[in-house]
Amino acid sequence: MPSERVMNKYYNEGAFNHPHRIGYMMSMIRQLRPLTIDEWKTWYFSNVHDEDFLHQLAVEMNSTIPSSYGVTVEECEDYIYDVMFRRTFQGYDKENQALALLRDVIDPSVEEAPKEWDTEYFIDFYLHDASGNLIGIQLKPDTFYYGHYQYVVDIQGKMRRFRNDFNANAFVLKYISNSSSGKIEFENPEVISEIKSLL
């Protein structure tokens, strides 16, 4: 399999993950609330795009990758399926855990952000501070940084725009999955303390 960094670079640069092409993945899975990846995949193929659409997406993605990398259409297709189905489902599952945990450790008023905020501002959750101003929270696994995605996705630029547009605060919470329990744990709890100081 080609390196994660190469695949992610061309997947993002080609906008193959943009909602206008594949739909608002997190919004759809939140509404569906599937119990398994297979349920999620079956629903997507029945209601959004079929397998041929994703195959053509893989063909198009492959055409943007220099031949020197030796990436095949099948590898592009595997990558697209992995991101759209396995990773989206994992993200949804972790998001549910995170929302419950955030409400427990920060404040019961934490809510899921509107679907557009993830694309536009890189914000997953929000609440209001003591003055009624917004606090945005982006949740990312620690592995996000291993793939150097932060250099492909303009995290700081998007969150700066959120701060400016709403006179808000914005924070990134990193989590790790406990291998024995499967539950998530926050890797930078000092950010939680900082958020709570604003309430």
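With a relative accessibility of 53%, E13 counts as exposed (over 50% relative accessible area is exposed, under 20% is buried, and partly exposed lies in between, for a 1.4 Å probe and protein chains only). The structure is a predicted model, in which local features need pLDDT of at least 70 and side-chain atom pairs count only at pLDDT 80 or more, whereas totals for chains, interfaces and linings use all residues. Residues are numbered from 1 along each chain as its sequence is written, and side-chain values use heavy atoms, with hydrogens and water left out.

Charged pairs make a good place to start. Side chains of opposite charge can pair when their charged atoms come close. Here a salt bridge is taken as a side-chain nitrogen of Lys or Arg within 4 Å of a carboxyl oxygen of Asp or Glu, and by this rule there are eight salt bridges. E13 takes part in one of them with K9, where the closest N and O atoms are 2.8 Å apart. Both residues belong to helix α1 (residues 4-13), at a spacing of four residues, or about one turn of the helix; helices (H or I, at least four residues) and strands (E, at least two) are DSSP runs, numbered from the N terminus. The partner K9 is partly exposed, at 30% relative accessibility.

Helix α6 (residues 73-105) offers another pair, R86 and D82, which are separated by about one helical turn because they are four residues apart. Their salt bridge brings the closest N and O atoms to 2.5 Å, and R86 is partly exposed at a relative accessible area of 33%. This pair also belongs to a network of salt bridges that links E4, D82, R86 and R87.

A further salt bridge joins the side chains of E111 and R103, at 3.3 Å from N to O. Both ends are partly exposed, E111 with a relative accessible area of 34% and R103 with a relative accessibility of 31%.

E111 also leads into the strands, as it stands opposite Y126 in β2. Strand β1 (residues 111-112) pairs with β2 in the antiparallel sense over two bridges, pairing being counted if DSSP finds at least two bridges between two strands. Y126 stands opposite G136 in β3 as well, and β2 pairs with strand β3 (residues 134-141) in the antiparallel sense over four bridges. These two strands, β2 and β3, form a hairpin with five residues between them, and G132 in the turn has a positive phi of about 90°. Within strand β2 (residues 125-128), F125 and L127 make up the covered face, while Y126 and H128 make up the uncovered one.
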